[in-house]
Structures are given as structure tokens and as C-alpha cells.
Amino acid sequence: FRCISGEPNVVLNFIGSPEAEFSFYARPFHESARLLTRRAFRRRRFRDLDALPIVFLYRHALELSLKAAVREGKRLIELYGHALPDEQLSQALNEHRLTALLPYLQRAFKLAGWQWWLQEPGIATFEDVQTILQDFERVDPSSYAFRYPTNKRGGGSVPRHFAFSLRHFVSMIDPLVEAFDTAAIALNAEYEQIAEALSEAQE
């Protein structure tokens with residue numbers, strides 16, 4: 001890793017606040033997943049293993065965008081003066097489990113007076129989202145199943161003859177990644193608006 005004069009060098013951690021960059025990181029993984037999906041679906045029949053990077057990239061984008069929304073929700077919850085179980089939340093944010101994060105997002109929505117409602121079949125409510133995250137965790141609890149052929153115990157990373165529709169998977173996960181990204185943006189805007197109002201009230 002070195003910079004080369006005259007080359008288009010890459011700069012990471014450019015803001016200096018990496019905890020605020022989860023959404024920024026989620027987007028290129030999401031875009032890459034979409035690119036690989038389009039390439040696979042252009043073929044009449046794609047190879048089974050072509051699904052591996054697609055599912056992994058979608059899962060990583062999903063995790064990053066959910067964590068971005070939860071982090072923005074945490075700021076809003078604290079701004080309202082509510083205490084959070086920091087150790088429990090920190091553990092959830094440092095692991096790969098998805099379902100552990102959802103209650104914090106629900107709490108932030110409730111404080112903001114919002115409801116999760118999307119015109120997308122399968123992710124229209126928080127209950128729908130919970131079902132999808134549980135299904136994902138059942139197959140890939142730690143984000144390893146689609147990266148390695150074996151698990152840490154030496155067995156298969158997925159059950160023998162594990163089969164699924166990639167089109168159906170993408171149709172459910174792609175809009176959910178977008179929804180979490182939108183939630184992060186909206187929660188940030190809500191935080192900024194309330195923080196500004198509180199600041200003006202104190203002046």
C-alpha cells in the first residue's frame with residue numbers, strides 16, 4: 001500500500017471520524033453487489049458459485065447500513081436524554097449478528113414518532129424485517145457462510161445441497177439495504193434539527 005505520483009490514489013478514513021462512515025462504506029459494497037447481480041442475470045444460466053460474492057456483498061452492505069442507522073438512532077436517543085445499555089449495544093455493533101441491532105432502530109423510530117412502513121412486499125413492517133434478518137442469521141450468523149466452503153469446526157459452511165433462488169434473495173435484500181440507508185439519513189437529519197432547536201432554545 002503506497003501512493004504513486006500521477007496515479008489515482010485511494011484515500012480512506014478521509015473524514016477522520018470513522019464511526020460516522022458506516023453509510024459511506026455500505027454504498028460501494030451495495031453497488032458492487034448490484035453490478036455482479038446484473039452481470040449474472042444477463043446470462044441465461046449463471047454458475048452456482050457466482051452467487052457467493054453477490055450474497056456476501058449484500059450481507060455486508062446490509063450489516064453496514066443497519067449499523068449506520070442504529071448509530072444515528074443512538075445519537076437521537078441520547079439527545080432525548082434516554083440512557084442506553086452501552087455495553088450491550090457496543091457488543092451488538094462489534095458483532096455480525098443482525099437481529100440484535102433491530103430493537104435499537106425500533107426505539108429510535110418510536111422516539112422520533114415514526115413508523116416503519118414500506119410499499120415493498122416482505123419488508124413492509126418491522127416484523128417483516130425481523131423475519132428476514134432471522135432467516136439470514138439462521139444461514140449466515142457471522143458473515144462467514146458465503147466466504148468459505150467450511151466453517152470453523154471443519155464442516156460445510158452451509159448444509160449439503162443448500163439451494164435458494166438468487167433472484168428472490170436479491171429482490172428482498174436490495175430494497176432493505178436501501179431502506180436502512182434511508183433510515184440512517186433521516187435519523188441524522190432528525191438529530192440535527194432537534195439539536196439545532198435545543199441550541200436555539202438555550203441561547
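## A walk through the helices

Let's start where helices α1 and α6 meet: they pass each other in a left-handed crossing. Keep in mind, as you turn the structure around, that this is a predicted model. To find the pair, look for residues 22–42, which form α1, and residues 166–202, which form α6. The angle at which they pack is about 160°, and their axes lie 11 Å apart. An angle over 145° counts as roughly antiparallel, so that is the label for α1 and α6. Who does the touching? On the α1 side, the contact is made by S23, R27, H30, R34, T37 and F41. On the α6 side, you'll find L166, R167, V170, D174, V177, E178, D181, A184 and I185. Sort these residues by class and the contact turns out mixed, with 6 nonpolar, 3 polar and 6 charged residues.

One of the α1 residues is worth a closer look. S23 sits in helix α1, and is S23 buried or exposed? Its relative accessibility is 11%, and since anything under 20% is called buried, S23 counts as buried. Leaving out residues up to four places away in sequence, S23 touches A68, D181 and A184. You've already met D181 and A184 as part of the α6 side of the contact.

Now zoom out for a moment. The protein chain has 6 helices and 0 strands, so if you read along from the N terminus, the pattern is simply α-α-α-α-α-α. Its C-alpha trace spans about 65 × 50 × 35 Å along the principal axes. There are 203 residues in the chain, and 38% of them count as buried. How do parts of the chain come together? Take the contacts between residues at least 6 apart in sequence: 70% of these join residues at least 24 apart.

Back to α6, because it packs against other helices too, and α2 is one of them. Here the angle is about 20° and the axes are 8 Å apart. With the limit for roughly parallel set at angles under 35°, α2 is roughly parallel to α6. The α2 and α6 crossing is left-handed. As for the residues in this contact, they divide into 25 nonpolar, 3 polar and 6 charged.

Next comes α4, which packs on α6 at an angle of about 45°, with 12 Å between the axes. That makes α4 oblique to α6. Once more, the crossing is left-handed. From α4, the residues in contact are L105, A108, F109 and A112, and from α6 they are F180, A183, L187 and E190. What classes do they fall into? The tally is 7 nonpolar, no polar and 1 charged.

While you're at α4, find Q106, which has its place in this helix. With a relative accessibility of 32%, Q106 counts as partly exposed. The C-alpha atom of Q106 is separated by 9.0 Å from that of V70, although these two residues are 36 residues apart along the chain.

The last stop is helix α3, residues 86–94, where L89, A92 and L93 are buried. Try looking down the axis of α3: the buried residues fall within an arc of 95°, so they line one face of the helix. What does the face turned away from that buried side carry? There you'll find the exposed residues E87 and N94. Over on the buried side, the covering includes α2 (51–79) and α4 (102–112).

L93 of α3 makes a nice example to finish on. Its relative accessible area is 9%, which puts L93 in the buried group. Not counting residues up to four places away in sequence, L93 touches K67, V70, R71 and L101. You can also compare the C-alpha positions of L93 and L66: these residues are 27 residues apart along the chain, yet their C-alpha atoms are separated by 9.7 Å.

Methods. Residues are numbered from 1 along each chain as its sequence is written. This is a predicted model: local features need pLDDT of at least 70, side-chain atom pairs count only at pLDDT 80 or more; totals for chains, interfaces and linings use all residues. Side-chain values use heavy atoms; hydrogens and water are left out. Axes are lines fitted to C-alpha atoms, for helices over the stretch in contact, and angles run from 0 to 180 degrees between N-to-C directions. Helices (H or I, at least four residues) and strands (E, at least two) are DSSP runs, numbered from the N terminus. Angles under 35 degrees count as roughly parallel, over 145 as roughly antiparallel, 65 to 115 as roughly perpendicular and the rest as oblique. A crossing is left-handed if the near helix is turned anticlockwise from the far one by less than a right angle, and right-handed if clockwise. Contact means heavy atoms within 4.5 Å. Ala, Val, Leu, Ile, Met, Phe, Trp, Tyr, Cys and Pro count as nonpolar, Asp, Glu, Lys and Arg as charged, and the others, Gly among them, as polar. Buried means under 20% relative accessible area, exposed over 50%, partly exposed in between (1.4 Å probe, protein chains only). The arc is that of the directions from the helix axis to the C-beta atoms.
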